[in-house]
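Here are a few exercises to work through at your own pace. Have the sequence and the 3D view open, and try each task before reading its solution.

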Amino acid sequence: MSSSSTEKNTGGESAGAHCAFLDIAADLANTAHPMVEPKTSEFMETLVSLCKRRGFIFQSSEIYGGLNGFWDYGPLGAELKRNIKDYWWRSMTQLREGVVGLDASIIMHPRVWEASGHTSTFSDLMVDCLLTKKRFRADQIEPQSGTAYFYTGATDAAAGKQSKDPFSALIGSDKHPEYARTVARQFYQQRGLNAPALEGERFEPVQNTTRYNPDNGSLLTEPRPFNLMLKTCVGPVESADNISYLRPETAQAIFVQFKNVLEVSRQKLPFGICQIGKAFRNEINPRNFTFRSREFEQMELEFFIRPDEAVEAVCGRVAKPAGPGHPGEPQPDWGWQLWHQYWVEERLRFYESIGLPRSSLVEYWQKPEELAHYARATVDVLYKFPFGKRGQNGELIGEELEGIAARSDFDLSQHQRFAARSMTVFDEELKAAWPKLDRAKQAELSERFFQHRLNYLLKVGETPGPAEKQARQDAETLAKGGYVPHVIEPSAGVDRLALALICDAYCLDQAPDDKGKLETRVVMRFHPRIAPIKAAVFPLLKNKPDLVRKAKEVRDLLRPHISVFYDEAGAIGRRYRRQDEAGTPFGITVDFETLGENGSELKDTVTLRDRDTMKQDRVRIADLVPLLTARIR
Ligand code: GAP
């Protein structure tokens with residue numbers, strides 16, 4: 001086949017170069033909330049508007065002013081998300097042994113959330129602005145320095161009114177005190193004093209305080225915990241007895257259904273159960289477009305493994321990580337640390353396989369004080385979004401895409417206690433291996449297992465006597481081959497990944513228009529695996545019935561295999577541009593040579609244009625399906 005290039009790629013800004021643009025510091029959601037901050041990020045504004053214009057993401061309930069923290073995916077966004085989820089599912093289940101799926105309900109028995117710890121501990125500390133009532137997450141307030149003015153109250157003599165509420169405002173050290181007084185007067189006006197005379201003013205310099213609203217200097221309330229679960233009532237009566245929650249994570253359903261799935265799928269440890277589904281969190285401060293939403297989707301795997309004591313009893317040792325990187329094919333002597341490392345590396349490979357370069361990802365090992373109550377170790381996979389935390393030199397250090405946690409046997413043990421249903425599995429290999437161990441080894445493993453179980457039981461509030469008795473029983477069960485499995489959990493967010501892929505795909509370069517003049521083009525360089533539309537088919541001219549008929553034949557040939565878009569409207573260059581913005585990796589043009597006019601030897605061939613290089617190859621129509629499916633899978 002001959003190859004020709006009709007468009008010239010003059011290069012341009014590479015995918016991911018967005019980082020240079022930015023500093024985001026504000027909510028990007030236009031919402032019904034009265035305190036929307038200004039949009040400060042040029043790049044994110046560009047993306048948000050592209051997402052709306054091209055139908056990737058819309059604000060939820062937009063015609064009513066929007067709802068903060070909720071988003072809708074348009075035609076391209078819906079395809080993108082579906083491709084992400086389908087590929088995750090395929091790579092987690094179909095392309096490997098020993099992982100099966102689950103699709104559980106969003107609302108579960110409220111006791112689930114007591115057992116998991118969400119009812120008591122799933123909260124953020126929040127503070128409210130005393131003036132505007134705007135709510136912040138306490139840990140997101142930037143430390144500020146300046147002069148704090150304090151007031152004991154105010155009076156409105158003409159109206160005969162008084163307020164004894166204390167108030168304080170922070171202003172820059174170089175600012176006139178009148179700034180603080182204006183804020184204070186607004187505070188007392190809200191308390192019904194039309195012309196407040198401030199009382200008891202005093203001031204003092206303060207350093208690095210997080211007690212004031214950075215937007216207006218008003219004092220904030222004391223931090224108090226705010227549970228992030230969204231409540232609802234199940235059944236016709238709205239009462240405290242009927243309160244349920246929209247699940248804040250998909251993981252718990254997997255733990256709750258663990259025994260059922262184990263039974264029906266006839267799996268043996270190690271094995272995994274995965275689930276994709278909606279999760280809900282009443283985030284105090286939804287922000288950064290879809291990054292922190294109140295409704296989002298998770299893709300979670302709970303991978304169940306033997307406790308290390310069982311591995312050692314069966315294999316004679318527990319292999320330890322030899323160094324960083326992928327540890328290779330799973331081995332029977334792997335303990336939780338190697339399994340954890342394995343899943344971190346598998347997940348990094350997954351991100352690379354859908355086009356996120358390793359250089360855009362950061363592997364962050366949580367410090368002991370950052371770990372969740374259930375975790376022994378957690379690695380966050382961060383993507384260098386064009387917003388978020390910065391390092392000492394102002395460089396973006398990345399925001400979380402996924403957490404990979406070693407959750408020990410915490411969750412299954414909690415459901416075992418709360419539901420009084422056994423989560424113990426019996427392991428024939430362990431049962432056979434245990435009697436063959438010498439007494440000293442048996443004693444050592446039993447003691448270690450006992451200590452682990454005792455620590456867990458004491459940590460969750462069991463009293464020492466019963467806890468010791470239970471832990472002793474658990475150690476005896478181990479000797480008979482029984483234990484509660486441990487878990488490694490890779491937990492990723494679909495929406496965050498979609499946003500990362502959109503950020504990474506965005507690129508500006510130069511392309512010729514229909515007259516050959518170079519113009520700037522926006523191109524979304526999605527990996528073909530996740531691109532919303534895989535190929536677009538164009539008849540060169542729409543007023544030539546033979547071209548149109550042939551192009552539709554090509555479209556119909558491809559349709560059963562890949563998502564394909566037919567476009568005959570406008571000049572061919574403009575049609576290319578539209579597909580570049582949608583991120584369609586392949587453009588197929590049916591021209592007069594396709595029809596074999598004038599005895600052309602190129603009859604039944606088309607041009608296949610590559611979105612990124614803009615290079616065009618002539619290919620046989622008969623080769624299109626195998627060629628494209630091979631490049632898309
Ligand atoms: N089962 C463990 C778990 O839920 P998590 O770190 O709280 O862990 C896992 O959540 C992933 O879910 C995060 O890495 C992120 O991708 C996504 N996620 C969490 N909260 C989110 C939010 N408010 N908006 C969008 N995605 C969120």
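**Exercise 1. Find the residue that stands opposite valine 127, then describe the sheet around this pair.**

Solution. Keep in mind that this is a predicted model.
- Step 1: Valine 127 faces phenylalanine 136, a residue of β6.
- Step 2: Strand β5 (residues 123-128) is joined to β6 by 3 bridges, and the two run antiparallel.
- Step 3: Widen the view, and you find an open sheet of 3 strands, ordered β6-β5-β13, with antiparallel pairing.
- Step 4: Because β6 (135-137) and β13 (224-227) are at the edges and have a single partner strand each, one side of each lacks a neighbour in the sheet.
- Step 5: From one strand to the next, the twist averages 50 degrees.

**Exercise 2. Work out which strands and residues surround the ligand.**

Solution. Start with the strands and then turn to the residues.
- Step 1: At least two residues of the shell come from each of β17 (295-305), β20 (399-408) and β23 (486-493).
- Step 2: β20 contributes the most, with 5 residues.
- Step 3: Sort the shell by character, and you get 10 charged, 5 polar and 5 nonpolar residues.
- Step 4: Of the 20 residues around the ligand, those that come nearest are Glu249, Arg281, Glu300, Glu400 and Leu401.

**Exercise 3. Look for polar side-chain atoms beside the ligand at glutamine 298, glutamate 489 and arginine 496.**

Solution. Take one residue at a time.
- Step 1: Glutamine 298 places a polar side-chain atom 3.0 Å from a ligand oxygen atom.
- Step 2: For glutamate 489, the partner is a nitrogen atom of the ligand, 2.9 Å away.
- Step 3: Arginine 496 has a polar side-chain atom 3.4 Å from a ligand nitrogen atom.
- Step 4: To finish, consider the surface: the ligand taken alone exposes 550 Å², and the protein buries 91% of that.

Key. Residues numbered from 1 in each chain as written. Predicted model: local features only at pLDDT ≥ 70, side-chain atom pairs only at ≥ 80, totals over all residues. Heavy atoms only, no water. Near = heavy atom within 4 Å. Polar contact = N/O pair within 3.5 Å; in protein donor to acceptor, adjacent residues only side chain to side chain. Areas by Shrake-Rupley, 256 points an atom, 1.4 Å probe, with all protein chains shown as cover. Helix = DSSP H or I, 4+ residues; strand = E, 2+ residues; numbered from the N terminus. Nonpolar A, V, L, I, M, F, W, Y, C, P; charged D, E, K, R; others polar. Pairing = 2+ DSSP bridges. Axes fitted to C-alpha atoms, helices over the stretch in contact; angles between N-to-C directions.
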